[in-house]
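Subject: Handing over the model

Hi,

Here is the structure I promised to pass on. Have it open while you read, and the notes underneath should make sense as you go.

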Amino acid sequence: MSIDSPVGALLLAGSDAGLHLIEFENPRHPMAQCEQWQAGECDAIRVTAHQLHEYFAGKRHEFDLPLAPRGTPFQMDVWHTLASIPYGRTITYAQLANQVGRPSAVRAVGAANGRNPLPIVLPCHRVIGSDGSLTGFGGGLPTKEFLLRMEGALPRAADLFG
């Protein structure tokens, strides 16, 4: 199922196990879809669409969804840790690596973050460079900036220029 959002169309895929994929229109790392995934006829997708609409309307700060991402054990650790980053906050890749228990694996953590199959819900957009820069994001840097400004993690342009 594809839904409209302020950051463009989002493709949702899931199964009875839960949500497997949220993909931007022009993904940096397109995900191969599995035969078992459904594109609109399962509860996980319907609930996800509803909660994403609430999120973009500013009415939802946390997601309560059945998630079923597929990845390596290391990737799963990184993605699970992403879920703990609060709405409206950011952390650095180094902080994420520390939280995963792999402080010397910043690049590997960044790579796992970049392969997150459930962006927004597992908020990889909340991870920034150590100098505060907005680096790498599967939906593109303008989307990352939009999401962070929407959440109040970055000042809005109107706040900067008064």
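First, a term you'll need: a residue is called buried when its relative accessible area is under 20%. By that cut-off, 44% of the 162 residues of the chain count as buried. Do keep in mind that this is a predicted model.

Now the overall layout. The chain has six helices and five strands. Reading from the N terminus, their order is β-β-β-α-α-β-α-α-β-α-α. Among the contacts with a separation of 6 or more, 58% are between residues 24 or more positions apart.

On to the inside. In soluble globular proteins, nonpolar side chains tend to be buried together. Here, the largest nonpolar core is made of 36 residues, and L10, I22, L52, V78, L82, L96 and I120 have the most contacts inside it. Two or more residues each come from β2 (10-15), β3, α1, α2 (73-82), α3 and α4 (106-114). The top contributor is α1, which gives six residues.

Three of those well-connected residues are worth clicking on:

- L52 touches I3, L10, L12, I22, F63, I120 and V121, leaving aside residues up to four places away in sequence.
- L82 sits in helix α2. Its relative accessible area is 0%, so L82 is buried. With residues up to four places away in sequence left out, L82 touches L96, N113, N116, L122, P123, C124 and V127. L82 and R126 are 44 residues apart along the chain, yet their C-alpha atoms are separated by 8.3 Å.
- I120 belongs to the loop between α4 and β5. I120 counts as buried because its relative accessibility is 1%, which falls under 20%. Have a look at the backbone there too: I120 has a positive phi of about 75° although it is not a glycine.

While you're in that loop between α4 and β5, find P117 as well. P117 is at 1% relative accessibility and so counts as buried. Its C-alpha lies 6.9 Å from that of H20, although P117 and H20 are 97 residues apart in sequence.

Next, helix α5, which spans residues 141-151. Which of its residues are buried? They are T143, K144, L147, L148 and E151. These residues cover an arc of only 130° around the axis, which is why they end up on the same side of α5. And what covers them? The cover includes β3 (18-24), α1 (43-56), α3 (93-100) and β5 (127-128). Just after α5 comes G152, with a positive phi of about 85°.

Last stop, the second largest pocket. About 200 Å³ of space lies in it. The lining of this pocket consists of 15 residues, and E62, F63, A83, V121 and P123 lie nearest its centre. Sorted by class, the lining has eleven nonpolar, one polar and three charged residues. Some of these names came up earlier: F63 and V121 are among the residues that L52 touches, and P123 is one of those touched by L82.

If you want a route through the model, try the core around L52 and L82, then the loop with I120 and P117, and then the buried side of α5. The second largest pocket, with F63 and V121 by its centre, makes a good place to finish.

Cheers

Note on methods: Residues numbered from 1 in each chain as written. Predicted model: local features only at pLDDT ≥ 70, side-chain atom pairs only at ≥ 80, totals over all residues. Heavy atoms only, no water. 1 Å grid on protein atoms, 1.4 Å probe; cavity = no way out; pocket = protein on both sides within 12 Å on 5 of 7 lines; lining within 4 Å. Points joined across faces, edges and corners; volume = space filled by probe spheres on them. Nonpolar A, V, L, I, M, F, W, Y, C, P; charged D, E, K, R; others polar. Buried < 20%, exposed > 50% of the residue type's maximum accessible area, 1.4 Å probe, protein only. Helix = DSSP H or I, 4+ residues; strand = E, 2+ residues; numbered from the N terminus. Arc of directions from axis to C-beta. Contact = heavy atoms within 4.5 Å. Core = buried A, V, L, I, M, F, W, Y, C linked by side-chain atoms within 4.5 Å.
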